[in-house]
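Okay, thanks for coming, everybody. I'll put the structure up first, and then we can walk through a few parts of it together.

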Amino acid sequence: MDPSKVNIPPMKDLTADNITPNTIIINSQGPDKRLQYLLERLVTHIHDFARETRLTTEEWMAGILFLTAVGQMCSDTRQEFILLSDVLGVSTLVETINHPKPSTATEGTVLGPFHAEDAHEFSHGESICSDGKGEMCLVRCTLKDTQGRPVVGASVDIWETDETGHYDTQYAERQYPDCRGILKTDENGDFWFKAVRPVPYPIPHDGPVGKMLEKLHRHPYRPSHMHFMIIAEGYDTLVTSLYIRGDPYETSDAVFGVKSSLIIDVGKVGDEAVAQKYGVKASDWAINYDFVMVSDKEANALKLKNAQEALRKLGSTAKMVDGLPVCDVDVD
């Protein structure tokens, strides 16, 4: 921006005692009050972190190089920054803040770094996995709102690993989407499809995030699960997963995604009539689950209530504008 078009206060003789307020002042020249608030809080917390830890120059540079390496590891099919956010618990925190749920609704969880935009649409009963990807699993689900009414025509985006614990995007020779697909709920809010039984797997740990976990003496494994992203007009998007009960990593998920309400039992289809109806074997695995979505109105009201309570606890003077805190300014 042309320096002659901005009003920059004099900046010199800056010290550890006055650098923070001066940085906030110079970042507060623009018209976007939300951006001002975000930068004010970011600068305050980062500066306080450096003061509290007495951050050394060597540690600062190590952090810079680490973030550089995280960026260099990213590609069209790998998002190392999402992985970093996941293992630091930030993804779970942001998901919980932005998509609050009443006790009657299905809880959300982390999106993860392996969602892809090229999934194909499938009809009910089709398999989202190609042959040889794992043990067959019939998945039958319902989708309702918090009042028990079916949610019709919702888009249900599903993705999972194959039996080796790899997503399709992790294969260099990937030619088409596999172990992922999109279905629409029917007039009863139902959807069903064939997949493979989920297995536990390690998150990618050959990059900087994996090296960080090793230094922290943390394992990189996630418990067996299947991802769902459900989108319907008038409803808050539901990003969630179903986790298999008894998995060895059920209580130590590397990305903090497991919630008790999302842990399910996986049994066999069992009934020959059911097997014949859905085109599977009675000995195949079966998952059944009833999803409950929250309306936009419900979600926004709960999000505002939670935000106001959180700001009060923090003693913040921020104002709420469009459901989000901004700097304490006249917003009338």
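Right, let's start with a sheet. It's an open one with four strands, in the order 4-1-11-10, and the pairing is mixed. At the edges you've got strand 4, residues 190-196, and strand 10, residues 267-268, and each of those pairs on one side only. Just keep in mind as we go that this is a predicted model.

Inside that sheet, have a look at strand 1, residues 136-145, and strand 11, residues 285-293. They run parallel, with nine bridges joining them. If you want a spot to put your cursor on, Leu138 is there, standing opposite Ala286 in strand 11.

Let me zoom out for a second. In total the protein has eight helices and 13 strands. The C-alpha trace spans about 80 × 45 × 35 Å along its principal axes. There are 332 residues, and 41% of them count as buried. And if you take the contacts with a separation of 6 or more, 69% come from residues 24 or more positions apart.

Now back in, to strand 2. So how many of the residues of strand 2 are buried? Five of its five, over residues 155-159, so the strand is mostly covered, with setting the bar at under 20% relative accessible area. On one side you have Ser155, Asp157 and Trp159, on the other Val156 and Ile158, and both faces are covered. As a reminder, side chains in a regular strand alternate between the two faces of the sheet.

Strand 2 also has partners. Five bridges join strand 2 to strand 3, residues 180-184, and that pairing is antiparallel. Another five bridges join strand 2 to strand 7, residues 225-231, again antiparallel. Ser155 takes part in both: its bridge partner in strand 3 is Lys184, and in strand 7 it's Ile231.

Okay, aromatics. A search of the whole structure turns up eight aromatic pairs. Take Phe191 and Phe193: they're stacked, at 6.5 Å centre to centre with 0 degrees between the planes. Are those two buried or exposed? Phe191 has a relative accessible area of 0%, so that one is buried, and Phe193, also at 0%, is buried too.

Then there's another stacked pair, Tyr221 with Tyr249, at 4.8 Å centre to centre and 10 degrees between the planes. This pair links distant parts of the chain, 28 residues apart: Tyr221 is in strand 6, residues 221-222, and Tyr249 is in the loop between strand 8 (238-244) and strand 9 (263-264). With 30% relative accessible area, Tyr221 is partly exposed, and Tyr249 is partly exposed as well, at 22%.

Going back to the phenylalanines, Phe191 and Phe193 belong to one aromatic cluster along with Phe228, Tyr289 and Phe291.

On to the helices. The axes of helix 4, residues 80-87, and helix 6, residues 208-215, come within 9 Å and cross at roughly 25 degrees. Which means helix 4 is roughly parallel to helix 6. And which residues meet there? From helix 4 it's Glu80, Leu83, Leu84 and Val87, and from helix 6 it's Pro208, Val209, Met212 and Leu213. Sorted by class, that contact has seven nonpolar residues, no polar ones and one charged.

Staying with helix 6, its buried residues are Pro208, Val209, Gly210, Met212 and Leu213. What covers them includes helix 4 and also helix 3, residues 57-73. Then, just after helix 6, you reach His217, and that residue takes a positive phi of about 60 degrees.

Last stop is Ser316. Where do you find Ser316? In the loop between helix 8 (296-314) and strand 12 (319-321). Its relative accessibility is 29%, so Ser316 counts as partly exposed. Leaving aside neighbours within four places in sequence, Ser316 is in contact with Tyr37 and Leu311. And if you draw a line from the C-alpha of Ser316 to the C-alpha of Cys327, 11 residues apart along the chain, you get 9.8 Å.

That's my tour. Happy to rotate to any of those spots again if anyone would like another look.

Notes
Residues are numbered from 1 along each chain as its sequence is written. This is a predicted model: local features need pLDDT of at least 70, side-chain atom pairs count only at pLDDT 80 or more; totals for chains, interfaces and linings use all residues. Side-chain values use heavy atoms; hydrogens and water are left out. Axes are lines fitted to C-alpha atoms, for helices over the stretch in contact, and angles run from 0 to 180 degrees between N-to-C directions. Helices (H or I, at least four residues) and strands (E, at least two) are DSSP runs, numbered from the N terminus. Angles under 35 degrees count as roughly parallel, over 145 as roughly antiparallel, 65 to 115 as roughly perpendicular and the rest as oblique. Contact means heavy atoms within 4.5 Å. Ala, Val, Leu, Ile, Met, Phe, Trp, Tyr, Cys and Pro count as nonpolar, Asp, Glu, Lys and Arg as charged, and the others, Gly among them, as polar. Buried means under 20% relative accessible area, exposed over 50%, partly exposed in between (1.4 Å probe, protein chains only). Two strands pair if DSSP finds at least two bridges between them. Rings of Phe, Tyr and Trp (its six-membered ring) pair if their centres lie within 6.5 Å; planes under 30 degrees apart count as stacked, over 60 as edge-to-face and the rest as tilted.
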